[in-house]
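Here is a short tour to read alongside your sequence and structure. Keep the viewer open and follow along.

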Amino acid sequence: MYENIKKDIVSGVYKEGDRVPSEKELSQQYGVSRITTKKALELLAGDDLITRQPGRGSFVKRASGFNHKMKVNNQKGEQTALLFGLVITDFDDSYGTELISSLEKCSTKHSSFLILRRSFGKPELEERAIKELVELGVDGLIVFPSQAEYFSEEILKLVIKKFPLVLVDRHLKGISTASVSTDNVAAAKKGTEHLLELGHKHIALLTPPPTDTTALEDRIEGFVQAHAEKGVMVDRNLWLNNITSTLPNAFRPPNFTQDIKKIKDHLVKFPYITALFAAEYYIALMAKKAVKELGMRVPEDISIICFDSPPRRIGDFHLTYLSQDQEKMGQKVFDLLLKLKSKEEQEETPKRLLLDASLVVGDSTAEVSSKKQNKLS
């Protein structure tokens, strides 16, 4: 009922201001209870498609007025273009730009179009973006969920309707839907093993609050697993998990200053730390500044490793980092979305794809110096 009426509104069968069938009329038409018809109309009102006026009925609030089903030409002849929506928290050179580039290339290759919206990590902006893109008539959605513990009502609606949806960089607990991300557990293990093999046994883990995303939770798990497999005790006292300035809604200079101070205080409190594992690139930059302000050097006194980094430029000091294959991720996301759009393949489509990350050794990691070893002894 909901889908049929919505389709009639979007396609123009019902114009703005037109009255749609009443609860009683729909009950007779579909042979269902008034409770069911009331719920369908409430959903339409919740989507801002109709307005319900007591004693008068329900009226179309706004019609789409937009039809993206344009014809495009390709080598096989004329076909209907597909329109996909992308909702992402944010992006920059360290992570996101290359992924969006890959998605754009894939959309061009398949003669389709991509619309981008940013949520800045705010659930309310994510919900609004999803809602507006669905109302616009997109054929599928790619979403970077803003949080792990929170999934919006709009995402839940898409899952229930089996709308073509692919989550990127993280998965939502308790929801069975397609997702593509880096194997963060394996990646964090790889980075931690690199530090352990260099002789570092007192490694501080620097992260935002760990409830933010499943990707972060997986990185913490990989860090712990690497220690266990190498027979090195994990000292959780060395963890600093309240770095908040890198969160999308807190990315401001005053917050950077506060977090740099947190890292400096942490290093002073635990002077035997020899390496820092930053869960994100910008945390690593703050860590490097904190080390310098304390009169120490990277990597001579403190080694630093992180996830993601912008492309290396000639002559730059470059961090050791774990590189996510954003090009491949974009391709996998788009392929998965096309399969979900082809409904006959939905049952065979993998629900979760994990991609390998590679370790790029830069200038910020080295063996524990003999001077530091003597101090620790």
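The report below goes from the whole chain to a helix pair and then to a single residue.

## The chain as a whole

Please keep in mind that this is a predicted model. The protein chain holds 12 helices and 16 strands. Of its 377 residues, 47% count as buried. About 18,900 Å² of the protein chain is exposed, and carbon and sulfur atoms supply 50% of that area.

Among contacts in the protein chain with a separation of 6 or more, 72% are between residues 24 or more positions apart.

## Two helices that pack

Two packed helices are described by the angle between their axes and the distance between the axes. For helix α4 (residues 97-109) and helix α11 (residues 326-341), the angle is about 40 degrees and the axes are 8 Å apart. An angle of about 40 degrees is neither under 35 degrees nor within 65 to 115, so α4 and α11 are oblique to each other. Their crossing is right-handed.

On the α4 side, the residues that meet α11 are T97, E98, L99, S102, L103, K105, C106 and S107. Their partners in α11 are Q326, E327, M329, G330, Q331, V333 and F334. The residues of this contact divide into 6 nonpolar, 6 polar and 3 charged.

## A closer look at E229

You will find E229 in helix α8 (residues 214-230). With a relative accessible area of 53%, E229 is over the 50% cut-off, so E229 counts as exposed.

Leaving aside neighbours within four places in sequence, E229 is in contact with K189 and E193. K189 lies 40 residues from E229 along the chain, and their C-alpha atoms are separated by 9.5 Å.

Key
Residues are numbered from 1 along each chain as its sequence is written. This is a predicted model: local features need pLDDT of at least 70, side-chain atom pairs count only at pLDDT 80 or more; totals for chains, interfaces and linings use all residues. Side-chain values use heavy atoms; hydrogens and water are left out. Helices (H or I, at least four residues) and strands (E, at least two) are DSSP runs, numbered from the N terminus. Buried means under 20% relative accessible area, exposed over 50%, partly exposed in between (1.4 Å probe, protein chains only). Contact means heavy atoms within 4.5 Å. Accessible areas come from the Shrake-Rupley method with a 1.4 Å probe; for residues, only the protein chains shown count as cover. Axes are lines fitted to C-alpha atoms, for helices over the stretch in contact, and angles run from 0 to 180 degrees between N-to-C directions. Angles under 35 degrees count as roughly parallel, over 145 as roughly antiparallel, 65 to 115 as roughly perpendicular and the rest as oblique. A crossing is left-handed if the near helix is turned anticlockwise from the far one by less than a right angle, and right-handed if clockwise. Ala, Val, Leu, Ile, Met, Phe, Trp, Tyr, Cys and Pro count as nonpolar, Asp, Glu, Lys and Arg as charged, and the others, Gly among them, as polar.
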